[in-house]
Amino acid sequence: MKLELRGITKRFGSLVANDHIDLVVQPGEIHSLLGENGAGKSTLMNVLYGLYQADEGVILLDDRVQNFRGPGDAMRAGIGMVHQHFMLIPVFTVAENVMLGHESTRAGGLLDLESARERVREISARFGFDVDPDAVVEDLPVGVQQRVEIIKALSRDAKVLVFDEPTAVLTPQETDELMGIMRQLKESGASIVFITHKLREVREVADRITVIRLGKVVGEALPTASNAELASMMVGRAVELTVHKDAPKLGDPALVVEGLRVIDAFGQIVVNDVSFEVRAGEVLAVAGVQGNGQTELTEALVGLQPQVRGSIRLNGEELVGKSVRHILGEGVGFVPEDRNEDGLVSAFTIAENLMLDRSDGPPFVRAGNLQKRTLEAFAKEKFTEFDVRAPGIDAPVGSLSGGNQQKVVLARELSRDLSLLVAAQPTRGVDVGSIEFIHKRIVETRDAGIPVVVVSTELDEVTALADRIMVMYRGRIIGIVPGNTPRDVLGLMMAGVTPESEGAAA
């Protein structure tokens, strides 16, 4: 089925999320929609799927104009979407999830679950999915859950499949399997729209690439285009994609963690008997699929987790049981994974956000009075140093782009005398140009002799920054390996395979 979007425009108040976008996807083609977070990719696909109504423009399927009033209309027309965050009921079986919303009945008004089971078996056999229709979804690995989402779409005779950032929660091996599935779907005649911001993946699987920036199509490319060319189209300028760093000048162990356990609000052990150390002048990168204890580990390091057992020593001082304010006062810089929730106050100005964790004393507060001139001078200096793109230091931080918000967080955390930097997902939702800047500052921090812990689900980022890599799986450390460990070994470790069995160096 041929998909065509003509002049699609979508506004939210004064914000133009999609600005007269044209896109054509041919039958049997994988067409990648490439752009940074906030570029308007998902908004465009939500218009296609009927979740949003376009303010201008038309959608055509096989040259026929469509008017979708909701996802039901889109699905009936042959459009299926595989969402980044799966739309599955965890306690239902695969077959129950597949028939949900499209229930059929047999004599006596009972659900015809057997026909759903048979549909799952038929699609699984056709594409080699190996999915049990009676398996409970919450018991399935993430990669298999994604296959269930694909089966759902195919069971409704989808001819156009939209994959919205589908690799965000997958291991490298699961990503490779997904690429194979997409090629199979293409060979069966399906039209595929692949939404991503990952250059490696788009060049591997796409037939054609459309790049959008700030809601507009800025160009098309073939997968033979280089990473540098694609990145330049995404950002609008030349970007240095390689992280340059010298061999580390290692000092003594500065952060020593022993037997760490973190128990969540439901009484579950989410970090289980974790021990490691980070030396001065070293970047230890923590890798793993999201949800394997990395978040709770970083929060424990800065005192944000209430139920912590074991020991966390920084330069000989025990931090377990100490308040967040005390830990920050000891020189711990913290870049949280959710800057909007934990790193910034959106209604505050840039200047006010730059003093958030130093509002109780000098240099910004004396005798209970805010030192406005001191804060203004400091804010202007960091505004320039970190290249924050905004009207000025009095702009509300909530009005900034994701990359500029992250620069404000980094400017605040790196402007103190640090004894440790903990950076969780430091480039999440950040454009390629800002990623370049952030990586450079992290390396500079390491080169200043400060221990750095970086947590990232982006394997390219992990391998670019790490001197050593610690892989977590279900709350435990699977292994700690050198920074140059091959991606395939790291991917197996992320799936729970110990490095010893793969011959990786410890």
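A residue counts as buried here when its relative accessible area is under 20%. By that yardstick, helix 17 (residues 487-494) has a good set of buried residues to start with: Val489, Leu490, Gly491, Met493 and Met494. Just past the end of helix 17 comes Gly496, which takes a positive phi of about 105°. Everything described here comes from a predicted model.

Stepping back to the whole chain, the protein has 18 helices and 22 strands. Its radius of gyration is 25 Å, close to the 23 Å that the globule rule gives for 506 residues, so the protein is as compact as a globular protein of that length. Along the principal axes, the C-alpha atoms fill a box of roughly 75 × 50 × 45 Å. Of the 506 residues, 52% are buried. Sequence-distant contacts are well represented: taking contacts between residues at least 6 apart in sequence, 66% join residues at least 24 apart. On the outside, the protein exposes about 22100 Å², with carbon and sulfur atoms supplying 49% of that area. As for charge, there are 53 positive and 72 negative side chains, and the centres of the two sets lie 3 Å apart.

Now for one of the sheets. Four strands make up an open, antiparallel sheet, in the order 12-11-14-15. Strand 12 and strand 15 (317-318) sit at the edges with a single partner strand each, so one side of each has no neighbour in the sheet. Strand 11 (residues 253-263) pairs with strand 12 (residues 269-279) in the antiparallel sense, over 7 bridges. One of the pairs across this ladder is Leu255 with Val278, the latter in strand 12. The two strands form a hairpin with 5 residues between them, and Gly267 in the turn has a positive phi of about 85°.

Strand 11 also pairs with strand 14 (residues 308-314), again antiparallel, this time through 6 bridges. Along that ladder, Val262 of strand 11 stands opposite Val308 in strand 14, while Glu258 has Ser311 of strand 14 as its bridge partner. Moving on from strand 14, the loop that leads to strand 15 holds Asn315. Asn315 is not a glycine, yet its phi is positive, at about 50°. This residue, Asn315, is exposed, with a relative accessible area of 54%.

Asn315 has a counterpart of sorts in His20, another non-glycine residue with a positive phi of about 50°. His20, though, is placed in strand 2 (residues 15-25). With a relative accessible area of 44%, His20 is partly exposed.

Strand 16 (residues 332-335) is covered on both faces. In a regular strand the side chains alternate between the two faces of the sheet. Here Val332 and Phe334 are on one side, Gly333 and Val335 are on the other, and all four are buried. Strand 16 pairs with strand 19 (residues 420-424) in the parallel sense, with 4 bridges between them. Within this pairing, Val335 stands opposite Ala423 of strand 19.

Two loop positions round off the picture. The loop between strand 13 (283-287) and helix 9 (294-301) contains Gly288. Gly288 is buried, its relative accessible area being 1%. The C-alpha atom of Gly288 is 5.6 Å from that of Val471, although 183 residues separate the two along the chain. Setting aside neighbours within four places in sequence, Gly288 is in contact with Gln294, Ser456, Thr457, Met472 and Met494. Met494 brings the account back to helix 17, where that residue is among the buried ones.

The other loop position is Pro363, found between helix 12 (350-353) and strand 17 (365-366). The peptide bond from Pro362 to Pro363 is cis, with omega near 5°.

Conventions
Residues are numbered from 1 along each chain as its sequence is written. This is a predicted model: local features need pLDDT of at least 70, side-chain atom pairs count only at pLDDT 80 or more; totals for chains, interfaces and linings use all residues. Side-chain values use heavy atoms; hydrogens and water are left out. The radius of gyration is taken over C-alpha atoms; the globule rule is 2.2 Å times the number of residues to the power 0.38. Buried means under 20% relative accessible area, exposed over 50%, partly exposed in between (1.4 Å probe, protein chains only). Contact means heavy atoms within 4.5 Å. Accessible areas come from the Shrake-Rupley method with a 1.4 Å probe; for residues, only the protein chains shown count as cover. Lys and Arg count as positive and Asp and Glu as negative; His and the chain ends are not counted. The place of a charge is taken as NZ of Lys, CZ of Arg, CG of Asp or CD of Glu. Two strands pair if DSSP finds at least two bridges between them.
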